[in-house]
Amino acid sequence: MIEKITVSQKKMLEEFYEDRHNLLNKLIVLKNSVENSDKESVIRNLNQIIKNSNISENISNTGNSTIDCLINFKYAVAKEYGITFQLKIFIPEELSMEPCDIGIALGNALDNAIEAVRDCRQHQKVIEISMGVKKQALVMLIKNPYEHVLKNDRSGKYQSTKTESGRHGYGLNSIARIAEKYQGEILVEAQDSVFCLTVVMNLPEN
């Protein structure tokens with residue numbers, strides 16, 4: 001599924017660059033019409049450009065198609081709940097990790113954050129996403145507000161407060177397993193109604 005979405009994302013980017021190129025040519029023609037005081041032609045062409053525009057909010061454009069695709073897809077979901085994303089992402093276009101592993105870690109982290117933020121009433125609905133490579137490790141930081149009561153089990157792990165807690169508890173466990181696969185770790189902190197998830201995954205050598 002992730003591979004199909006990645007192909008779709010690449011196609012969208014190609015179409016975007018093609019549209020941008022075509023738009024430049026249209027603007028050149030419009031400039032000539034303005035210079036020749038052809039008002040009707042300018043208005044007609046501008047209306048056509050606006051009508052044909054299909055603007056999609058791809059807020060992530062790192063060049064890494066897997067991460068861009070995931071963030072843009074999750075953002076489309078988050079927008080429905082009035083949630084915004086703040087991005088600080090500095091990563092190479094290629095990472096020596098399995099795309100599906102990135103999908104599991106990042107996808108579950110964003111799902112959990114959206115789930116917590118969508119029910120917020122007293123805090124700003126913002127999810128902060130920071131990613132970068134440090135000392136040959138991919139470091140991912142997801143920070144979001146929360147207003148529900150957090151529970152811990154005997155080992156100190158956070159538990160879901162939902163009715164189907166067994167099912168919804170899989171998110172963090174899945175992220176932890178992926179981090180462990182890459183000899184990394186996860187760190188969970190919750191303070192002053194802010195939940196912070198840090199995931200560290202060592203990058204395999206090519």
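Author: The expected span of a helix is 1.5 Å times one less than its number of residues. This rule will serve us shortly; please note as well that the model before us is predicted.

Reader: How many helices and strands does the protein have, and in what order do the elements run?

Author: The secondary structure amounts to 6 helices and 7 strands. Read from the N terminus, the order is α-α-α-β-α-β-β-β-β-α-α-β-β.

Reader: What span should helix α4 have, and how far apart are its end C-alpha atoms?

Author: Helix α4 covers residues 99-117, which makes 19 residues. At 1.5 Å a residue it should span 27 Å, and its end C-alpha atoms lie 26 Å apart, which agrees.

Reader: How should I read burial, and which residues of α4 are buried?

Author: A residue is called buried when its relative accessible area is under 20%, and exposed when that value is over 50%. In α4 the buried residues include D101, I102, G103, A105 and L106 towards the beginning of the list, and A113, I114, A116 and V117 towards its end. For the protein as a whole, buried residues make up 32% of the 206 residues.

Reader: Is D101 buried or exposed, and which residues does D101 contact?

Author: D101 has a relative accessibility of 7% and therefore counts as buried. Apart from neighbours within four places in sequence, D101 is in contact with I178, K181 and Y182. With Y182 there is a side-chain polar contact of 2.5 Å. With K181 there is a salt bridge, in which the closest N and O atoms are 2.7 Å apart. K181 lies in helix α6 (residues 170-181) and D101 in helix α4, so this pair ties together parts that are 80 residues apart in sequence. K181 itself is partly exposed, at a relative accessible area of 47%.

Reader: How far apart are D101 and A179 in sequence and in space?

Author: D101 and A179 are 78 residues apart in sequence, while their C-alpha atoms are 9.1 Å apart in space. One may set this beside a figure for the protein: among contacts between residues at least 6 apart in sequence, 63% join residues at least 24 apart.

Reader: How many salt bridges does the structure hold, and which residue meets K74 in a salt bridge?

Author: The structure holds 2 salt bridges. The side chain of K74 meets that of D111, at 2.7 Å from N to O. K74 belongs to helix α3 and D111 to helix α4, so the pair ties together parts that are 37 residues apart in sequence.

Reader: What are the relative accessible areas of K74 and D111?

Author: K74 has a relative accessible area of 13% and is buried, whereas D111 is partly exposed at 33%. Leaving aside neighbours within four places in sequence, K74 is in contact with F85, G107, L110, D111 and I114. Of these, G107, L110 and I114 appear among the buried residues of α4.

Reader: Let us turn to the surface. Which residues form a nonpolar patch there?

Author: The patch is formed by F73, V77 and Y81, which together have about 270 Å² of accessible area. To be admitted to a patch, a residue needs over 30% relative accessible area. F73 is partly exposed, with a value of 48%. F73 is located in helix α3, residues 65-79, and K74 is also found in helix α3.

Reader: How much area does the protein expose, and what share do carbon and sulfur atoms supply?

Author: The protein exposes about 13800 Å², of which carbon and sulfur atoms supply 50%.

Note on methods: Residues numbered from 1 in each chain as written. Predicted model: local features only at pLDDT ≥ 70, side-chain atom pairs only at ≥ 80, totals over all residues. Heavy atoms only, no water. Patch = residues over 30% accessible without salt bridge, like charges linked within 9 Å, V, L, I, M, F, W, Y side chains within 5 Å. Areas by Shrake-Rupley, 256 points an atom, 1.4 Å probe, with all protein chains shown as cover. Salt bridge = Lys/Arg side-chain N within 4 Å of Asp/Glu carboxyl O. Helix = DSSP H or I, 4+ residues; strand = E, 2+ residues; numbered from the N terminus. Buried < 20%, exposed > 50% of the residue type's maximum accessible area, 1.4 Å probe, protein only. Contact = heavy atoms within 4.5 Å. Polar contact = N/O pair within 3.5 Å; in protein donor to acceptor, adjacent residues only side chain to side chain.
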